[in-house]
Protein chains: 2
Amino acid sequence: MADLVYKNVMQDLKRRINDGQYPDKRLPDERSLSDAYQVSRSSVKRALNVMAQQGIIFKKRGSGTFVNPLYLKNKAVFSYEGRNLGLTDSMRVDGMKPGIKLLDFQVIPATPELQQDLFLTDDDFVYQIKRLRLLDEQPVMIETGFIPIKIMPELSSNVVSGSIFNYLEDIKHVSVTKSFMTVAAEPSTEQDQELLSLKPNEPVGVMSGIFFLDDGTPFEVSNMRVHYQYMKYNTFMDLDAD
Amino acid sequence: MADLVYKNVMQDLKRRINDGQYPDKRLPDERSLSDAYQVSRSSVKRALNVMAQQGIIFKKRGSGTFVNPLYLKNKAVFSYEGRNLGLTDSMRVDGMKPGIKLLDFQVIPATPELQQDLFLTDDDFVYQIKRLRLLDEQPVMIETGFIPIKIMPELSSNVVSGSIFNYLEDIKHVSVTKSFMTVAAEPSTEQDQELLSLKPNEPVGVMSGIFFLDDGTPFEVSNMRVHYQYMKYNTFMDLDAD
DNA sequence: TTAGAAAATTGGTACGACCCAATTATCTGA
DNA sequence: TCAGATAATTGGGTCGTACCAATTTTCTAA
């Protein structure tokens, strides 16, 4: 893959951790690793820093570097490695097959709120894309997305019936790696109940947020109303300022 | 505060950004900053990397470093600077006064699930702490927490009636900076409806997770059932591997 | 005038040196 | 024997250099 020194170190260390090569949960010290991999200690530190940020390891000055016990027990929760933020990917859980049913696809002028979030002006237009997401034919969420036409002038209903993020990666070679999300819960509306086969007392999870391209351009505003049984939003937070 | 070079640079850059000293959203290049602050370019890079991680700025190779427009428009969402992960702090929103009502406080043997999550054995015991959280006297969430007694043997019902995290910071000088959280939605139970004044069709948000001490020790398993109108979980994600 | 080449700009990666700070291990002397 | 002092270990921060890669600007030649 990438031919970066620190990534190679990371990759090998992860492999060793997964292989259980550190039964006492303790990694070799940085100077030894530097020597073993024949790279500078700076590069070792970088690799370890990223892994610590991801919650795989933790470091204690004067004491050593240790594997997070929970990483071994519950790897699924950690690390979005190699993935993007798209739902097509993150919902490929339990071997279920994702599906998309296009409900609506049109171009509308950007509302003031959209103008603010997507950094647009009065003259700008956006696609409005309303889709029903399925897992094994079961409807699980209603997704309404807004994308500026000036960012993707070539968007077609064909593309929109599949994964937009994968299209971006495969065809235009840009990836979506940043997002703001707000997660909330609400009683289901009649439309929710109809489309998601919900009983009146059953709620929906609401995930709304903004997705950004690599270069910081706000790319999409999205609002997702999720069947509560399928809604599980996992996060790992680390407030250490690096 | 901390007398670290890169933190000083960060602090000053944030101030300048907030003061609107970069009207074109463009920061000086790294070499100029290095020269201006009389610090090495390495330290400037470190400061900028942290700020990029926090979503305040974004960088484009060959082009420059720019302020994230959304940072200026919506600062509230960004940056937990100076805060910890405690709820007492993060719920001090809109000037409302937080309150805590202790519902239950006892010591129980660790269940197998707790043993797994908190890295305990059969012999270990945990505090079970059930509390009702209030905002301006209004009940907003039911919180059930489990903390190993061997981590905090001195825990009293007095401490538990306040902020445990603040107690840890002020008295024991350790802070809680890492957490795994899973956010979901559920129909309210009868107990939820009673304690949170919910109608039968109104749901709760469920936030459950594990909090860690600085050194990686799993410290608390927590399960929070939140009045849906008060449940808003914000996250900023950046999947760039450093 | 303008398209393409060349140069300058700007952030990215890597190295290695130097010292500091927290922790752990070892030694020393009563 | 063992408590306290001392040394060794281990991660943290900073500096400065060198070179690379993407982008933008400038120059050059048709």
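**Entry 1. Helix 2 and helix 3 of chain A**

I looked up the handedness of the crossing of helix 2 of chain A and helix 3 of chain A, and found it right-handed; a crossing is left-handed if the near helix is turned anticlockwise from the far one by less than a right angle, and right-handed if clockwise. The model is predicted: local features need pLDDT of at least 70, side-chain atom pairs count only at pLDDT 80 or more, and totals for chains, interfaces and linings use all residues. Residues are numbered from 1 along each chain as its sequence is written, chains are lettered from A and ligands numbered from 1 in the order in which they are written, and side-chain values use heavy atoms, with hydrogens and water left out.

I noted that helices (H or I, at least four residues) and strands (E, at least two) are DSSP runs, numbered from the N terminus. The axes of helix 2 (residues 30–37) of chain A and helix 3 of chain A cross at roughly 110° and come within 8 Å. Helix 2 of chain A is therefore roughly perpendicular to helix 3 of chain A. Axes are lines fitted to C-alpha atoms, for helices over the stretch in contact, and angles run from 0 to 180 degrees between N-to-C directions; angles under 35 degrees count as roughly parallel, over 145 as roughly antiparallel, 65 to 115 as roughly perpendicular and the rest as oblique.

For the contact itself (heavy atoms within 4.5 Å), I listed A:E30, A:R31, A:L33 and A:S34 on helix 2 of chain A, which meet A:R41, A:V44, A:K45 and A:L48 on helix 3 of chain A. By class, I recorded three nonpolar, one polar and four charged residues in this contact. Ala, Val, Leu, Ile, Met, Phe, Trp, Tyr, Cys and Pro count as nonpolar, Asp, Glu, Lys and Arg as charged, and the others, Gly among them, as polar.

**Entry 2. Helix 2 and helix 3 of chain B**

I then turned to chain B, where helix 2 and helix 3 pack at an angle of about 110°, with their axes 8 Å apart. The crossing of helix 2 of chain B and helix 3 of chain B is right-handed. From helix 2 of chain B, I listed B:E30, B:R31, B:L33 and B:S34, and from helix 3 of chain B, B:R41, B:V44, B:K45 and B:L48.

**Entry 3. DNA strand C**

I found 23 residues around DNA strand C, of which A:V5, A:S43, A:R46, B:E30 and B:R31 come nearest; a residue is near a strand if one of its heavy atoms lies within 4 Å of it. Sugar and phosphate make up 64% of the atoms of DNA strand C that come within 4 Å of the protein.

I checked polar contacts (pairs of N or O atoms within 3.5 Å; within protein, one must be able to donate a hydrogen and the other to accept it, and residues adjacent in sequence count only if both atoms are side-chain atoms). A polar side-chain atom of A:R46 is 2.7 Å from a phosphate oxygen of DNA strand C, and a side-chain N or O atom of B:R31 is 2.8 Å from a base nitrogen of that strand. Helix 3 of chain A gives the largest share of the surface near DNA strand C, three residues.

**Entry 4. DNA strand D**

Around DNA strand D, I found 23 residues, the closest being A:E30, B:V5, B:S43, B:R46 and B:R61. A backbone N or O atom of A:E30 lies 2.8 Å from a phosphate oxygen of DNA strand D. I also noted a polar side-chain atom of B:R61 at 2.8 Å from a sugar or linking oxygen of DNA strand D. The largest share of the surface near DNA strand D, three residues, comes from helix 3 of chain B.
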